[in-house]
Structures are given as structure tokens and as C-alpha cells.
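Q: Got a minute to go through this one with me? Let's start with a pocket.

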Amino acid sequence: MEQLKSLEELTKMDEKHRLLGAVCGSVPSLEKMHDLLSQEHLNREVPDEVKGQFNVARNMALYSYYFYALAPEVHLKTYTVIEHALKLKAKPENRMMLGKLLRMALQNGWISDAGFRHIENPSPDNEWCRAMLKGIPDLRNSQAHGSSMLVGDCIQHIAVCADFINQLFPEGEST
């Protein structure tokens, strides 16, 4: 059985970040991660239960600086927060799976490519959102059911999660 790490080992950056940085050309800093994650906020109209879980995901992302193995868990958490927000928005009478909730969001105009900050030239046909209809459930399932996929960028997942949820509960719209 692997021994628990000492407090000193737990308070420094996980070595995996340095190793990936050698390949990717960028090693994260705790201060930069904190700054970027602090900028991610949800609209006032977002239900408190969603805000609470989103904050859990942000804190997990920050802690991945110390424990890289949390990165896949952050990704999974963003998918579950999105699914929960979709259920609250849709208020389905019967249980609805994630894929169906995503289709409903796109069909009802709750989400669009233009609502995601990372998309430089949003498609009027919502090509990125259409790809999400399959992508998010597949990624969520791969994380939920076990995966050895190497993941890293928690901050981008948090940003996309915030953009998605803020589109569901836009400023000035009461829930």
C-alpha cells in the first residue's frame, strides 16, 4: 500500500504538472490558477444548489495544483453540475437522461455557440453545441465508469461549465 504523503509534499505542486509542462510548454502557477478560477462566476439567477456545486468544482480545480489526480474528477463534476442545472431548468415530469436534456436546451434556444467565450467565431447553426449533444454524455460516461484518460485543463472545463449554466439562467430572467 502506498504511504500517505507528508504535509510538506502535499503543499507543493504535483510533479505531474511539471512533467506535462515539459511536453506542453506551460507549467501552472497556483496564483494564476486562483486568479483565473476566481473570475468564473454564475449569474444571480442560477439556483443556489447549482452555485454550491459549481463552487465545489472550482475548489477541486484549484486543489488539482497539489493533487493532479483530481483533474478527471473536476471534469466529471462539471458534467454533473451541468446536468443538474439542466434538470432544474427543464423541470421534467419524468426522468430525463443527459443527452435528451442537452437536446432540449439546444432546441429551446437555452444554449448557443454565441454564449461560450472560447468560441471565436460562433456558428449560427450552433455547430459546437450540436457536437456537445454527443460529446458531453460520452465524456461524462467515460469519467463516471472508469477511464485512464489523461486530462489536465480544469480551468477551461470550469469556464465552459459557467458559460453553459449562465445561458440556462440569464441575468434578468427570474427562475
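Q: Which helix gives the largest share of the lining of the second largest pocket?
A: α7 does, with six residues. Helices here are DSSP runs of H or I, at least four residues, numbered from the N terminus. A pocket is an open set of 1 Å grid points, over the protein atoms alone, where a 1.4 Å probe fits, with protein on both sides within 12 Å along at least five of seven lines; lining residues have an atom within 4 Å of a point.

Q: Is this model predicted or what, and how are residues numbered?
A: The model is predicted: local features need pLDDT of at least 70, side-chain atom pairs need 80 or more, and totals for chains, interfaces and linings use all residues. Residues count from 1 along each chain as its sequence is written, and side-chain values use heavy atoms, without hydrogens or water.

Q: Changing topic: how many aromatic pairs are there?
A: Four. Rings of Phe, Tyr and Trp (its six-membered ring) pair if their centres lie within 6.5 Å; planes under 30 degrees apart are stacked, over 60 edge-to-face, the rest tilted.

Q: Why is the Tyr63 and Tyr66 pair tilted?
A: Their planes sit at 55°, so the pair is tilted, with centres 5.5 Å apart.

Q: And Tyr65 with Tyr66?
A: That pair is edge-to-face, at 5.2 Å centre to centre and 90° between the planes. Ring pairs link Tyr63, Tyr65 and Tyr66 into a cluster.

Q: Is Tyr65 buried or exposed?
A: Tyr65 is buried, at 14% relative accessibility. Buried means under 20% relative accessible area, exposed over 50%, partly exposed in between (1.4 Å probe, protein chains only). Tyr63 is partly exposed at 38%.

How values were computed
Helix = DSSP H or I, 4+ residues; strand = E, 2+ residues; numbered from the N terminus.
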